[in-house]
Amino acid sequence: MAQKKAPSAKKSSTEAKTAPAAVKNTAAAAKKAEPAEKKSEPVAEKNAPAAPKPEAVAEKAKPAAKKAEPVPVKTEPVAQKSEPSAKKAEPTARKAEPAAKKAEPAAKKAEPVTKKAEPAAKNAEPAPKKAEPAAKKAEPVTKKAEPAAKNAEPAPKKTKPAAKKAKPVAKKTASAAKKTAPAEEKVKPVTENPAPAAEETKPAAEQAAPVTEEPKTVVTEPVQPKEEAPMEPQYTTPRRSIAFIGSECHPFVKTGGLGDVMYALPRELVAENCDVRVILPRYACIPQKYQDQMVYRGEFYMDLGLTGRSYYVGIMEYVHDGVVYDFIDNQEFFSAGNPYIGLVDDIPKYCFFSKAALAALNYMNWIPDIIHCHDWQAALVPVYLRTMFQNSPVGHAKTVLTIHNLRFQGIYNIPTLKYWTGLPDEVFNMGAMKQGYEDANMLKGGLAYADRITTVSYTYAQEIQTAEYGEKLEDHLRYHSDKLRGIVNGIDYGMWNPATDPALAVNYDITNVLEHKWQNKLALQQELGLVQDQGKFVIGLISRLTNQKGLDLVNAIIPQVMDGNTQVVVLGTGDKEYEDTFRYYEDAYKGMFSACIQYDESRAHRIYAAADALLVPSRFEPCGLTQLNAMHYGTLPIVRETGGLKDTVQPYNIFNGDGNGFTFDRYDAGLLLDAINRAKTEYFVNRYHWDEVVQRDMAKDVSWSNSARQYKDLYLELTPW
Ligand code: ADP
């Protein structure tokens, strides 16, 4: 750890002063890490399959410090890459100045909050030169912005309207981008080319029209305005701007349902009259084709906690389907091949990310109405916002924190979290981040500071307030229950559509599912080396292989399920014990059991299309997406009645034929087997009714539109102007 501090100590005398304290903190952290590690093991399950031993804390940190030194060097290529766009930006940069000035006083006001707040305020106030390009969008607002900038010094409130004025520009550019075809071109209007934005800005366009078109009106008077009018979408609710902040998002990086939600919900919100910007880490593992399409948006340096160092924050932008994606760039934190490594690495990474995301919003001068953050990785955002960023422009935003899975919380000992966050002491009390005697819990802090908490189904919102599902936060959640609600997830119909899905052997829809679905079954059987027989009952299981997913129940009953007429296809990766057991079954039931121990999106699509039923016997399930995908592909779910599974799968009623799938309640292998046997009976004995359910499931609305409307209502509730 001493080595880690050495480079920063060279930088300045002030930094040198902070270094020894930091050393003490981290040394203490390393010592204290021992119990913390033990405690955090179950919490780290998803993100840290191999939790390092306590001794490794200090050791691991060393290379991080070494890596730290060359950061600016590493980032150079990014800056170089972006040079062209930066150059293009020059003309508009001048116009941006007033906006940049506005940011300054707000940042100054952050200073008195605490000593630690000072650096945060500085972060909010990026290097003036670099700030210029960020505010290019402000062009149409320039005239109005000037007086605001002059007045801005004493009155932070005046920065608010200025920020609001900037919004329409961003809104228009988002919609402008939507209309343009190639991705790179889409990006340009946002950062570089003010002209299209100005054209689309309502007031500007309205004012310009009479001036330039007046002479023409003699000729085209009745025609032109009428043709343009229908192009405007009709919205029933007022426009709001939302910043999504989270750790993964399809198609850039996805390890589970969070990635799907971060992709689909923003797109759906655009249709609900929202202006959405998604802020993500720029992981090195993001496919090159997306990296190549990102456009440099700016950069600044930010301090972090008690590290005494200044960290590079680059912003790379990518626009797609009306959604702007801003990637926070820092190779020191985001260069690993996987987004989640282990808490020792992930805690500093997401402390940095949460703070950098807020600083980036200030830097870009894009102040959203709502900041919607997701899971523990972004849970510090509301905490930073209401402390160190409260008096900066972004401090005006309201926050929503969504729990996608309460099991993962980001817990570590208090000294370590104080070191990496620099948050004031009051945040580390029992009402916020403190947990037990010596731990701090990032999610717990976020829940305390967020204006609203959501989780991804109504039932899970109730369950997490009980000891059985509350993951030790049930009391905290009950305390905040007035701001907690459940909104069930949907699926993206563009991504999940059996009629157009390019991964399938044969496409089908509700009108011809009974004729074509079995062809996909034969194709999958061939692909996986299973006995090719359309008469076999094929059960799919697509899942992370962890104990959350009820796999111990599955393993216990496989011998009874394998009756000669049933095939099982497993797709997933995770805990070795499950991977090995499924491999064993593949060997034991050759041609009838397939264990695909891999992550393969396209194969997942083919299994949804080919299987007759899909197993989701989870111990707990916040929402679950696989059962929704399955139903949409005419594959009947067999689920445990918990969380979102309970909310989305109506149990099949053998007397009147109603329902969507087969369910069981208690977490018990015998009950799972019973549900599978009921499904088999319907399939083999009562096929007519089975086929009816197939079509009913395909017709069921599992899209995002309903849920997106509920989120929009929530945003409006928080911003009732
Ligand atoms: P969780 O978020 O708990 O992992 P969800 O059911 O909410 O579970 O979301 C899982 C998503 O990840 C689904 O879209 C599913 O198709 C996908 N998925 C899970 N495992 C795999 C895999 N091995 N290969 C491809 N896709 C997978």
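Which backbone N or O atom lies 2.9 Å from a nitrogen atom of the ligand? Hi everyone, that is where I'd like to start today. The atom belongs to Gln598. Before I go on, please keep in mind that this is a predicted model.

Let's stay with the ligand and its polar partners. Gly257 also uses its backbone here: one of its N or O atoms sits 2.6 Å from a ligand oxygen. Arg544, on the other hand, uses its side chain, with an N or O atom 2.8 Å from an oxygen atom of the ligand. As for cover, the ligand on its own has 560 Å² of accessible area, and the protein covers 93% of that.

Now, who makes up the shell? There are 20 residues around the ligand, and the ones that come nearest are Gly257, Asp260, Arg544, Lys549 and Tyr608. Sorted by class, the shell has 8 polar, 6 charged and 6 nonpolar residues. Three helices each give two or more residues: helix 13 (257-271), helix 25 (601-610) and helix 26 (626-632). Helix 25 gives the most, with 3 residues.

So where does the ligand lie with respect to the domains? Domain 2 (240-486) and domain 3 (513-702) both give residues to the shell, so the ligand lies between them.

Last stop, the largest nonpolar core. This core has 174 residues, and the members touching the most others are Tyr325, Phe352, Ile371 and Met433. Its top contributor is helix 16 (residues 343-364), with 15 residues. Those same two domains turn up again: domain 2 and domain 3 each give at least three residues to this core.

Thanks for listening, and I'm happy to take questions!

Methods: Residues numbered from 1 in each chain as written. Predicted model: local features only at pLDDT ≥ 70, side-chain atom pairs only at ≥ 80, totals over all residues. Heavy atoms only, no water. Near = heavy atom within 4 Å. Polar contact = N/O pair within 3.5 Å; in protein donor to acceptor, adjacent residues only side chain to side chain. Areas by Shrake-Rupley, 256 points an atom, 1.4 Å probe, with all protein chains shown as cover. Helix = DSSP H or I, 4+ residues; strand = E, 2+ residues; numbered from the N terminus. Nonpolar A, V, L, I, M, F, W, Y, C, P; charged D, E, K, R; others polar. Domains from an automatic or database assignment. Core = buried A, V, L, I, M, F, W, Y, C linked by side-chain atoms within 4.5 Å. Buried < 20%, exposed > 50% of the residue type's maximum accessible area, 1.4 Å probe, protein only.
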